[in-house]
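Hi everyone, thanks for coming along this morning. I'd like to walk you through a structure that is new to most of you, so please have the viewer open.

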Amino acid sequence: MRRRRQEPGWLRGAPPPRWARIAPAVALVVLVLAQRLTPAAELGFFLAGLPPVAAFAYGPAGTAVCAAVALAALAVPSVSGTHPRGSDLATVAAIGLLSVVIAWVRRRRDTQLVNVRTVAEAAQMAVLPPVPQRVGPVRCAGLYRAAQRGTLVGGDLYDVRAGPYGVRALVGDVQGHGLAAVGTVAALLGAFREGVLDDAGLAAVAARLDRRLLADAAGTADAPAGQPELFATALLLEFPPGLDLVRVVSCGHPPALLLRGIRIAELDVDPGPPLGLGLTSAAAPAVADVPLLPGDRLLAYTDGVTEARDAGGSFYPLATRIPVVASPGRVRDPAGLVEALWHDLVDFTRGGPRDDVALLALCAADD
């Protein structure tokens, strides 16, 4: 499973880049050489800027050493080219002390950010764990990119589970995106995993998901006025044991694509209402049986893919881009397919879509 993993940048908890760590030493050498080459100019007082620079790259001890070196160099006229007074040295010493304090605060903050990020990533991975490369007789590959920067889970979801009724897969898109939708994602995934084990029919799994959202909406006291309901679109797929077909239930979700050789077609499934509106309890959603041939691939996705736009405002043409971006060898590999599509989507949108994106490729194992 691949996700848009936002690594923390400099000043957000990550180790400083190499250039930042060598910047104080390089600046010291440059100042000394510049002073030697231009004796008439008094460049030594620029040494006072070295400790603050070091505070962004080193800890308190390293910053203190840098401050001491700068103060010593300034006090030697043959090195600094200046004749500092006592007040000048006291000012540089105060700047160095303040830099040490800044380095100490930064180091504590970085440690806290790393701890918080580690806990947050563990929690999000528990909500949406990686999809294995193979579930029973089905090979899988998933790709997830959350729209909200720095998160691993947003408003899209997918999962593949094996149960007594075959291998079942879920791809969904809940109302909203980002961290606000994570609770709904967790609820739907929990209900789906129970349905995989308990419900004999795929329509019953959809009904279970619908009831889960209805129950959560009824207990949401702080929902915005005029928008009290929770809803989600979802696509459910089932690979029954011993049958060369896939059963599909669509709850207002974009249809999956069937890749058969060089042909790409949408699965012919009657779409039902979205989950969370209470409509699936009145009438069971239609279940479609789609025959599968050896070598067939299925690609499920969320609307973050097909609604991504380029600079001219055109939507991403997923079905027509698949044969362009994926060579025949990579089309047969689910992981290669989703990776190639993601890179093409990034190029198409010049940096990546602004909505959550989920891709799930499925196929029967060769053995």
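Let's begin with the lining of the largest pocket: its residues divide into 15 nonpolar, two polar and five charged. Please keep in mind throughout that this is a predicted model. How big is the volume of the largest pocket? It comes to about 420 Å³. There are 22 lining residues, and L243, D244, L292, A364 and A365 are the closest to the centre of the pocket. Two elements, β11 (297–301) and β12 (357–364), each give two or more residues to that lining. Of the elements, β12 gives the most, with three residues. If you wonder how one finds such a space, rolling a probe the size of a water molecule over the atoms shows where empty space is left.

Now let me zoom out for a moment. The protein has 11 helices and 12 strands. It is 367 residues long, and 44% of those residues count as buried. Taking the contacts with a separation of 6 or more, 69% are between residues 24 or more positions apart.

Next, the sheet. Five strands form an open sheet in the order β4-β5-β6-β7-β10, and the pairing is antiparallel. Which strands are at the edges? Those are β4 (156–163) and β10 (288–291), each pairing on one side only. From one strand to the next, the twist averages 20 degrees. Helix α6, residues 182–198, packs on this sheet and touches β4, β5 (166–174) and β6, with its direction at about 15 degrees to that of β4. Helix α7, residues 202–218, lies across β5, β6 and β7, and runs at about 155 degrees to β6.

Inside the sheet, have a look at β6 (residues 232–239) and β7 (residues 245–251), an antiparallel pair with four bridges. Here L235 stands opposite S250 in β7. As a general reminder, in a regular strand the side chains alternate between the two faces of the sheet.

Staying with the sheet, please click on V171, which lies in strand β5. Is V171 buried or exposed? It is buried, because its relative accessibility is 1%, and the cut-off for buried is under 20%. Leaving aside neighbours within four places in sequence, V171 is in contact with ten residues you can highlight one by one: L157, Y158, T233, A234, L235, H253, A300, Y301, T302 and L360. You may recognise L235, the residue that stands opposite S250. From V171 to L189, the C-alpha distance is 9.9 Å, with their positions 18 residues apart in sequence.

Let's move to helix α6 again, where we find T184. With a relative accessible area of 11%, T184 is buried too. Beyond residues up to four places away in sequence, T184 touches V174, L213 and L230.

There is also a hairpin worth a visit. Strands β8 (residues 257–260) and β9 (residues 263–266) run antiparallel and are joined by four bridges. One of the pairings puts L257 with E266 in β9 as its bridge partner. Two residues sit between the strands of this hairpin, and G261 takes a positive phi near 65 degrees.

That brings me to a residue with a similar topic, R350. Phi of R350 is near 60 degrees, a positive value in a residue other than glycine. For context, most residues other than glycine have a negative phi. Where is R350? You will find R350 in the loop between α11 (334–349) and β12. R350 counts as exposed because its relative accessibility is 72%.

Last stop, two more helices. T63 lies in helix α3, residues 60–75, and counts as buried because its relative accessibility is 0%. Which residues does T63 touch, not counting those up to four places away in sequence? They are P51, A54, A55, Y58, S99, V100 and A103. Then there is V101, in helix α5, residues 86–127. V101 counts as partly exposed, since its relative accessibility is 44%. The C-alpha atoms of V101 and G59 are separated by 9.5 Å, although the two are 42 residues apart along the chain.

That's my tour, and I'm happy to go back to any of these stops with you.

Notes
Residues numbered from 1 in each chain as written. Predicted model: local features only at pLDDT ≥ 70, side-chain atom pairs only at ≥ 80, totals over all residues. Heavy atoms only, no water. 1 Å grid on protein atoms, 1.4 Å probe; cavity = no way out; pocket = protein on both sides within 12 Å on 5 of 7 lines; lining within 4 Å. Points joined across faces, edges and corners; volume = space filled by probe spheres on them. Nonpolar A, V, L, I, M, F, W, Y, C, P; charged D, E, K, R; others polar. Pairing = 2+ DSSP bridges. Axes fitted to C-alpha atoms, helices over the stretch in contact; angles between N-to-C directions. Contact = heavy atoms within 4.5 Å. Buried < 20%, exposed > 50% of the residue type's maximum accessible area, 1.4 Å probe, protein only.
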